[in-house]
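Biologist: I'd like to learn how to read a model like this one. Can you walk me through it?

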Amino acid sequence: MPTAVTQGIRVTVESQYLPERSSPAGGRYAFAYKVRIENVGAKTTQLKSRHWIITHGDGKTEEVRGDGVVGAQPVLRAGEHFEYSSWAMLSTSFGTMHGTYQMVRDDGARFDAVIAPFSLALPHSLN
């Protein structure tokens, strides 16, 4: 599973194809992704916003920005984690996603926690 650690915030992502939400004949491929955000550092940190870059297999890119994740702006104390699931729709059977979470510490310091690139792809048996 792709993982990145930035200033004590570890982000791990796992993805899977959603055949029930997809329509390959119509060029619609749905993928779920589960994100785990862990504070492996010593300072309390809050996730304020997100920035995703979605790249389709044909090179087309989309950017998604917004406050929080799934309607939340979780506060993570040392040793705590937050998990959520979401999904993305591609026009091709494979692609990638990566991005950042904009974080703020109790002392007001801000930084971008990296979300390492991960694949969105059909299982080999479906290619």
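Modeller: Sure. Keep in mind that this is a predicted model. Let's begin with burial: of the 127 residues in the protein chain, 40% count as buried.

Biologist: How many helices and strands does the protein chain have?

Modeller: The count is 0 helices and 9 strands, so the pattern along the sequence is simply β-β-β-β-β-β-β-β-β.

Biologist: And what radius of gyration does the protein chain have?

Modeller: Compare it with what a compact globule would give. For 127 residues that is near 14 Å, and the protein chain has 15 Å, which agrees. Along the principal axes, the C-alpha atoms fill a box of roughly 50 × 25 × 20 Å.

Biologist: Now a single residue. Is Phe 111 buried or exposed?

Modeller: The cut-off for buried is under 20% relative accessible area. Phe 111 has 7%, so this residue is buried. Phe 111 belongs to strand 9, residues 110-121. Leaving aside neighbours within four places in sequence, its contacts include Thr 6, Ile 9, Thr 45 and Tyr 101.

Biologist: What about Ser 49: buried or exposed?

Modeller: Ser 49 is buried too, because its relative accessible area is 16%. You'll find Ser 49 in strand 4, residues 45-56. Beyond four places in sequence, Ser 49 is in contact with Gly 66, Asp 67, Gly 68, Thr 100, Tyr 101 and Gln 102.

Biologist: Which side chain makes a polar contact with the side chain of Ser 49?

Modeller: That of Gln 102, at 2.7 Å.

Definitions and conventions
Residues are numbered from 1 along each chain as its sequence is written. This is a predicted model: local features need pLDDT of at least 70, side-chain atom pairs count only at pLDDT 80 or more; totals for chains, interfaces and linings use all residues. Side-chain values use heavy atoms; hydrogens and water are left out. Helices (H or I, at least four residues) and strands (E, at least two) are DSSP runs, numbered from the N terminus. Buried means under 20% relative accessible area, exposed over 50%, partly exposed in between (1.4 Å probe, protein chains only). Contact means heavy atoms within 4.5 Å. A polar contact is a pair of N or O atoms within 3.5 Å; within protein, one must be able to donate a hydrogen and the other to accept it, and residues adjacent in sequence count only if both atoms are side-chain atoms. The radius of gyration is taken over C-alpha atoms; the globule rule is 2.2 Å times the number of residues to the power 0.38.
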